[in-house]
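Student: I am new to this structure and would like a close look at one part, namely the surfaces of chain A. Please go slowly and explain each term when you first use it.

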Number of protein chains: 2
Amino acid sequence: MTQPARKFTRIQPELRREHLVEAALRCLAEHGHAGVSVRKIAAEAGVSIGLINHHYDSIDQLIAHAYETLAIGIFNRVTGAVDPSAGTARDRLSAFFRAYFSPDVFDPKLLGVWVVFWSMIRHSPAIKAAHDRTNAGYARVLEGYLADLAAENGLPPTTVRLAAVGLSALLDGIWLQWCLTPEQAFTIHEAIALAESWVDGVARGAYGRLAS
Amino acid sequence: MTQPARKFTRIQPELRREHLVEAALRCLAEHGHAGVSVRKIAAEAGVSIGLINHHYDSIDQLIAHAYETLAIGIFNRVTGAVDPSAGTARDRLSAFFRAYFSPDVFDPKLLGVWVVFWSMIRHSPAIKAAHDRTNAGYARVLEGYLADLAAENGLPPTTVRLAAVGLSALLDGIWLQWCLTPEQAFTIHEAIALAESWVDGVARGAYGRLAS
DNA sequence: TCTGTTGTTGAACGTGTGTATAGCGAGCCA
DNA sequence: TGGCTCGCTATACACACGTTCAACAACAGA
């Protein structure tokens, strides 16, 4: 006596979109660029092909939504690990580094996802906008830490904007190298030491020429 | 009185492969990931579709060949701009920076090409191998400069390997940021200043903790 | 229990993909 | 000038893609 199997279950559009985003991210992590596929994502989410175009005008919009979800999630997790009022600016930078150099972020699978996003920036305004927004977020946060550091140590504050660019680039570069070469030539501990040493350089006035 | 138009011209396989690689790079620069297409590349090269599979077992091998050509070309141009015997180690680093931060390398179109390569690293052993080889090349060159710098300035040489990782990451990160955000928040001059300041930090002993 | 709304399905369509292959023809060499 | 080699063309094939749309069915409210 089999039940008349229910063919599907309805859920709220907002919740369904969330599920689709999660399935899309799993597809991107597993298949890279080939994971940008209505059929693969629908299969991963356990729904029919047509459902994606019912909730999104095109697959690009789903990917853009996925990018925004992932990028903001990581940003919040990393910056949320830093108590903005406790300790010195130097302490806050160290806390930021510890959160940034965590397995959540330093995961080679993540690069496969990110590379897809980067490749779509030029053609998709939605993804470009999401990228610019999170990028500005990191710049703002790092500039805040460095401005505090400059104030506490009496360094010239004119260097702050550019120094934040440099630190951001260093962190991105370490992440990139880590993800591209899984058989690593350096440890997470060493990666943190590189970032800390960069701040040491700032504290020793090595970045004075940026003020010119 | 029209000539009986020649339908094609034969050239040496080696030369033809070179033309195909150049066409592939133009396609990647223009169309990004969508440029990885036998039909697009064949059209760009002005040859028939089947010719690519005549010269390469699969399109992935053509892309790998293109990657190797481009990566080695840039590597040779950048490292070739540094006279390995003249001046101090610091001079050589500065010369390297000037060559690296040139319009040849700092071209947003180049990122579109590179992103395609990165996305294929996981699935294509040929591309992975080409990447590892050029990566090792940069590591070797930078380690050389930094070892000379350490010897000239009496710094502990144990830090050299890891410092090269840091410098390489910084350069990659600056390049990435430059290419991802064409409406730049910094100039090439400032980018060079960031790299020079990093070396200042090394010279001031900021990277002593790497030796631990 | 019936009805209306709407989230969901799945087949269909046109396009683009990589590869295989049969045959054409350009250019070399005797 | 003939013939032969092989670089090259162009068609064909099977498959995957994104999108569309008419029909279906789950669930809320009456």
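Tutor: What follows goes through the surfaces of chain A one after another, beginning with how the model is to be read.

This is a predicted model, in which local features need pLDDT of at least 70 and side-chain atom pairs count only at pLDDT 80 or more, while totals for chains, interfaces and linings use all residues. Residues are numbered from 1 along each chain as its sequence is written, chains are lettered from A and ligands numbered from 1 in the order in which they are written, and side-chain values use heavy atoms, with hydrogens and water left out.

Let us begin with the partner protein chain. If contact is taken to mean heavy atoms within 4.5 Å, then 49 residues of chain A are in contact with 49 residues of chain B. The buried area, which is the accessible area (1.4 Å probe) that two parts lose on being put together, summed over both, comes to about 4,100 Å² for chain A and chain B, and 58% of it is on carbon and sulfur atoms. On the side of chain A, A:Leu180, A:Leu194 and A:Arg209 provide 14% of the area buried against chain B, more than any other three residues.

Charged and polar pairs also cross this interface. Six salt bridges are counted between chain A and chain B, a salt bridge being a side-chain nitrogen of Lys or Arg within 4 Å of a carboxyl oxygen of Asp or Glu. In one of these pairings A:Asp200 is joined to B:Arg209, with 2.8 Å between the closest N and O atoms. A polar contact is a pair of N or O atoms within 3.5 Å; within protein, one must be able to donate a hydrogen and the other to accept it, and residues adjacent in sequence count only if both atoms are side-chain atoms. By that rule, 15 residue pairs are in polar contact across the interface of chain A and chain B (both at pLDDT 80 or more).

The elements of chain A that give two or more residues to the side touching chain B are α1 (13–31), α6 (108–121), α7 (125–153), α8 (160–180) and α9 (188–203). Helices (H or I, at least four residues) and strands (E, at least two) are DSSP runs, numbered from the N terminus. With 13 residues, α8(A) gives the most to the side of chain A that touches chain B. That side is made up of 20 nonpolar, 15 polar and 14 charged residues, where Ala, Val, Leu, Ile, Met, Phe, Trp, Tyr, Cys and Pro count as nonpolar, Asp, Glu, Lys and Arg as charged, and the others, Gly among them, as polar.

Within chain A there is a second meeting place. Chain A is divided into domain 1 (12–56) and domain 2 (72–204), with bounds that come from an automatic or database domain assignment. Their centres, taken over C-alpha atoms, are 29 Å apart, and six residues of domain 1 of chain A are in contact with six residues of domain 2 of chain A. These two domains bury about 490 Å² between them, 80% of it on carbon and sulfur atoms. In domain 1 of chain A, the residues that lose the most area to domain 2 are A:Leu28, A:Ala29 and A:His33, together 69% of what that side buries. Between the two domains of chain A the count is zero salt bridges and one residue pair in polar contact (both at pLDDT 80 or more).

Finally, there is the DNA, where a residue is near a strand if one of its heavy atoms lies within 4 Å of it. Around DNA strand C there are 25 residues, and A:Arg10, A:Arg16, A:His54, B:Arg10 and B:Arg39 come nearest. A polar side-chain atom of A:Arg16 is 2.2 Å from a phosphate oxygen of DNA strand C, and a polar backbone atom of A:Thr9 lies 3.3 Å from a phosphate oxygen of that strand. With four residues, α3(A) gives the most to the surface near DNA strand C. Around DNA strand D there are 26 residues, with A:Arg10, A:Val38 and A:Arg39 among those that come nearest. From A:Ser37, a polar side-chain atom lies 3.1 Å from a phosphate oxygen of DNA strand D.
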